[in-house]
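Reader: I have a chain open on my screen and I'm new to this. Could you walk me through what is there?

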Amino acid sequence: MPILPFSIVLIIAYIYILYRASYSIPSILSANTGHLDLIYSLNSSRGCYPIWHQTPVSDELDILVGWGETLVEDILQTLEQVYQNPHEAKIRGEYGAAVMRSKWTWRSRLKEFFGMLENYL
């Protein structure tokens, strides 16, 4: 089986999160560089379960500046919150889905993406 480049894996994971949110499934998101725009778009805790505490990740080349690692304890605490409050989870999921359907369409995301690419071409 071929190994996918890391950037492709991130894109696939991001698309999966977008689809989950668009179907009213409450999403737990780490407050990392790749999720922050989505967390802020979903109005933070109204449309998802952000995990704000992130342990900084470091590497020798400083490629991962701004990245963080979520602690298992924080994930478990958030899962417990979802489990103990299903009505709240449903409301967050529905709010997140409404935001996804209005602001995160393929058309709007691709337009923004290609607009960013124009800056580099």
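Author: We can go from the overall layout to single residues, one topic at a time.

Reader: Okay, what kind of model is this, and what is its mean pLDDT?

Author: This is a predicted model, and the mean pLDDT of the protein chain is 79, with 81% of its residues reaching 70 or more.

Reader: Where is the confidence lowest and where is it highest?

Author: Confidence is lowest in helix 1, residues 6-22, where the mean is 61, and highest in helix 3, residues 72-84, where it is 93. At the start of the chain, over residues 1-6, pLDDT stays under 50, and the model has three contacts there beyond four places in sequence.

Reader: How many helices and strands are there, and in what order do they come?

Author: The protein chain has five helices and four strands, and from the N terminus on the elements run α-β-α-β-β-β-α-α-α.

Reader: And how much of the chain is buried?

Author: Of the 121 residues, 26% count as buried. The accessible surface comes to about 8800 Å², and 64% of that belongs to carbon and sulfur atoms. As for contacts with a separation of 6 or more, 50% of them are between residues 24 or more positions apart.

Reader: Can we look at a single helix? Which residues of helix 2 are buried?

Author: In helix 2, which spans residues 33-41, His35, Leu38, Ile39 and Ser41 are buried. They cover an arc of only 165° around the axis, so they lie on the same side of helix 2.

Reader: Why would residues a few places apart end up pointing the same way?

Author: An α-helix has 3.6 residues a turn, so residues three or four places apart point the same way.

Reader: What comes just after helix 2?

Author: Just after helix 2 comes asparagine 43, which takes a positive phi of about 60°.

Reader: Switching to strands, is serine 30 buried or exposed?

Author: Serine 30, which has its place in strand 1, is buried, because its relative accessible area is 13% and the cut-off for buried is under 20%.

Reader: Which residues does serine 30 touch?

Author: Leaving aside residues up to four places away in sequence, serine 30 touches His35, Ile39, Ile51, Gln54 and Thr70. Two of those names came up a moment ago, since His35 and Ile39 are among the buried residues of helix 2. Serine 30 can also be set beside tryptophan 67, which is 37 residues away in sequence and 9.9 Å away in space, C-alpha to C-alpha.

Reader: Now salt bridges. How many does the structure hold?

Author: The structure holds two salt bridges. In one of them, the side chains of arginine 92 and glutamate 88 meet at 2.5 Å, N to O. In the other, lysine 90 pairs with glutamate 94, and the closest N and O atoms are 3.8 Å apart.

Reader: Where do those partners lie?

Author: Arginine 92 and glutamate 88 both lie in helix 4, four residues apart, which is about one turn of the helix. Lysine 90 and glutamate 94 are likewise both in helix 4 and four residues apart, again about one turn.

Reader: Are arginine 92 and its partner buried or exposed?

Author: Arginine 92 counts as buried, at 11% relative accessibility, whereas glutamate 88 is partly exposed, with a relative accessible area of 26%. In the other pair, glutamate 94 counts as partly exposed at 40%.

Reader: What about glycine 93, is that one buried or exposed?

Author: Glycine 93 is found in helix 4, residues 86-103, and it is buried, with a relative accessible area of 2%. Although glycine 93 and serine 27 are 66 residues apart in sequence, their C-alpha atoms are 7.2 Å apart in space. A similar pairing involves isoleucine 25, in the loop between helix 1 and strand 1, since its C-alpha atom is separated by 8.4 Å from that of arginine 92, 67 residues along the chain. Isoleucine 25 is partly exposed, at 36%.

Reader: Last one: which residues form the nonpolar patch on the surface?

Author: The patch is formed by Trp106, Leu110, Phe113, Phe114, Met116, Leu117 and Leu121, which together have about 760 Å² of accessible area. One of them, phenylalanine 113, has its place in helix 5, residues 106-118, and is partly exposed, with a relative accessible area of 40%.

Note on methods. Residues numbered from 1 in each chain as written. Predicted model: local features only at pLDDT ≥ 70, side-chain atom pairs only at ≥ 80, totals over all residues. Heavy atoms only, no water. Patch = residues over 30% accessible without salt bridge, like charges linked within 9 Å, V, L, I, M, F, W, Y side chains within 5 Å. Areas by Shrake-Rupley, 256 points an atom, 1.4 Å probe, with all protein chains shown as cover. Salt bridge = Lys/Arg side-chain N within 4 Å of Asp/Glu carboxyl O. Helix = DSSP H or I, 4+ residues; strand = E, 2+ residues; numbered from the N terminus. Buried < 20%, exposed > 50% of the residue type's maximum accessible area, 1.4 Å probe, protein only. Arc of directions from axis to C-beta. pLDDT = per-residue confidence, 0-100. Contact = heavy atoms within 4.5 Å.
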